[in-house]
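Please open the model in your viewer and keep the sequence at hand. The tour below proceeds by selections, with a short account of what is to be found at each stop.

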Amino acid sequence: MIRERMECKMARDFQTADSIQAQLEGAGVDVHDGMKEWRADGQQWMRSERKYNERPSRESRGPKTYYQRGPGKTLSAEQIETITALVAERSESKAVADYNRADEIFDQLQSEYNVNVDDKRAEWALLSEEYLLNEADSSFVPDDDVQMKIGKLLGDRILARKCRDFDKADDIRDELREDYLVEIDDRSKDWVVVAPEGSRWADDDEEGDDNIVSKQEWDEEDDDEGSDESGDDSDIDAFMEEVLGSSKVDKDGVSIEEGDSSSESLDEASLMAMTVPELKEILKSKGLKVGGKKAELIERLLD
């Protein structure tokens with residue numbers, strides 16, 4: 001029963017834990033959570049009975065000072081002041097072993113303000129801000145909307161871990177990795193955006209496709225490129241007719257009409273208006289190299 005009670009406390013099921021404690025007390029068993037001991041001899045606990053090498057009691061150490069982690073973007077100044085006061089009251093309650101009041105404040109902070117308290121690090125934070133973005137080590141910084149979605153998932157993972165639902169926590173970690181290219185560091189409590197495997201993000205001054213925000217978009221980009229290569233001839237014919245003004249092309253995409261010179265329509269302005277995949281398709285039809293930046297592709301076509 002003592003073990004079952006501890007498991008309930010770990011899962012924050014305090015109602016069941018209190019019910020088990022009442023049953024133990026009815027059977028003459030007294031449990032001391034601070035000393036992690038129990039007795040059934042009808043005697044009172046004495047401080048001298050504590051082991052000589054135990055740490056000093058919370059009463060002798062006084063309340064711990066907690067600090068805010070994260071900017072608290074969704075909190076007003078008044079709310080931050082209220083939360084700070086509640087966290088301090090909780091620390092004082094723990095110092096005098098009033099754990100019931102400490103647990104009440106903890107639940108209030110979570111339900112009313114979506115705030116979690118980390119006793120080990122002496123910090124409190126919004127669930128969505130307990131893990132912070134490490135911009136210095138990230139491949140790029142997502143926009144605010146994406147950061148909010150990532151923060152929400154990170155908060156859900158914290159709650160899952162607190163409830164010892166590690167399968168759900170792992171699923172969320174995998175979702176963050178696959179959909180947002182996010183890697184989590186539980187030790188430092190931060191997260192980074194990594195580059196897609198086998199690739200890198202383009203620099204701001206590079207021309208070409210936009211950076212891809214999620215793994216899903218990266219996969220869709222690969223699918224699009226694959227479909228361009230394996231598409232039927234009618235799709236290629238239509239594309240070449242639109243770009244080159246040719247009504248007929250052979251299997252390699254080269255115009256078969258007499259007197260038609262595809263290079264005549266390939267001026268620099270029209271090429272600049274095309275997308276990278278379109279430029280690569282023209283290069284492919286001419287048997288030219290398709291790799292490189294957009295400027296390089298255009299220069300290759302104009303030569």
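Two strands count as paired if DSSP finds at least two bridges between them. The model on display is predicted, and the tour begins with its strands.

**First stop: strand β8**

Select residues 190–193, which form strand β8. Are the faces of this strand covered or open? Both are covered: Asp190 and Val192 lie on one side, Trp191 and Val193 lie on the other, and all of these residues are buried. In a regular strand, side chains alternate between the two faces of the sheet.

**Second stop: the partners of β8**

Add residues 182–185, strand β7, to the selection; β7 and β8 pair in the antiparallel sense over four bridges. Within this pairing, display Glu183, whose bridge partner in β8 is Val192. Val192 is also one of the buried residues of the strand. The two strands form a hairpin with four residues between them. In the turn, select Lys189, which has a positive phi of about 55 degrees.

Next, select residues 132–133, strand β6, which pairs with β8 in the parallel sense over two bridges. Here Leu133 stands opposite Trp191 of β8.

With β6, β8 and β7 shown together, in what order do the strands run across the sheet? The order is β6-β8-β7, in an open sheet of three strands with mixed pairing. β6 and β7 are the edge strands, each pairing on one side only.

**Third stop: the helix across the sheet**

Select residues 166–180, helix α7. This helix lies across β7 and β8 and runs at about 140 degrees to β7.

**Fourth stop: helices α4 and α5**

Move to residues 77–95, helix α4, and residues 99–113, helix α5. Their axes are 8 Å apart, and the helices pack at an angle of about 160 degrees. Angles over 145 degrees count as roughly antiparallel, and α4 and α5 are therefore roughly antiparallel to each other. α4 passes α5 in a left-handed crossing.

To see the contact, display the side chains of both helices. On α4, the participants are Gln79, Thr82, Ile83, Leu86, Val87, Glu89, Arg90, Ser93 and Lys94. On α5, they are Tyr99, Arg101, Ala102, Ile105, Phe106, Gln108, Leu109 and Tyr113. By character, the residues of this contact comprise nine nonpolar, four polar and four charged.

**Fifth stop: two loop residues**

Select Ala97, in the loop between α4 and α5. Although not a glycine, Ala97 has a positive phi of about 65 degrees. With a relative accessible area of 36%, Ala97 is partly exposed.

Then select Asn114, in the loop between α5 and β4 (115–118). Asn114 is a residue other than glycine, and its phi is positive, near 60 degrees. At 40% relative accessibility, Asn114 counts as partly exposed.

**Last stop: helices α1 and α2**

Select residues 2–10, helix α1, and residues 14–26, helix α2. Their axes come within 8 Å and cross at roughly 160 degrees, which makes α1 roughly antiparallel to α2. The crossing is left-handed.

Which residues meet here? Ile2, Glu4, Arg5, Cys8 and Lys9 of α1 meet Phe14, Thr16, Ala17, Ile20, Gln21 and Leu24 of α2. The contact between α1 and α2 consists of six nonpolar, two polar and three charged residues.

Notes. Residues numbered from 1 in each chain as written. Predicted model: local features only at pLDDT ≥ 70, side-chain atom pairs only at ≥ 80, totals over all residues. Heavy atoms only, no water. Axes fitted to C-alpha atoms, helices over the stretch in contact; angles between N-to-C directions. Parallel < 35°, antiparallel > 145°, perpendicular 65-115°, else oblique. Left-handed = near helix turned anticlockwise from the far one by under 90°. Contact = heavy atoms within 4.5 Å. Nonpolar A, V, L, I, M, F, W, Y, C, P; charged D, E, K, R; others polar. Buried < 20%, exposed > 50% of the residue type's maximum accessible area, 1.4 Å probe, protein only.
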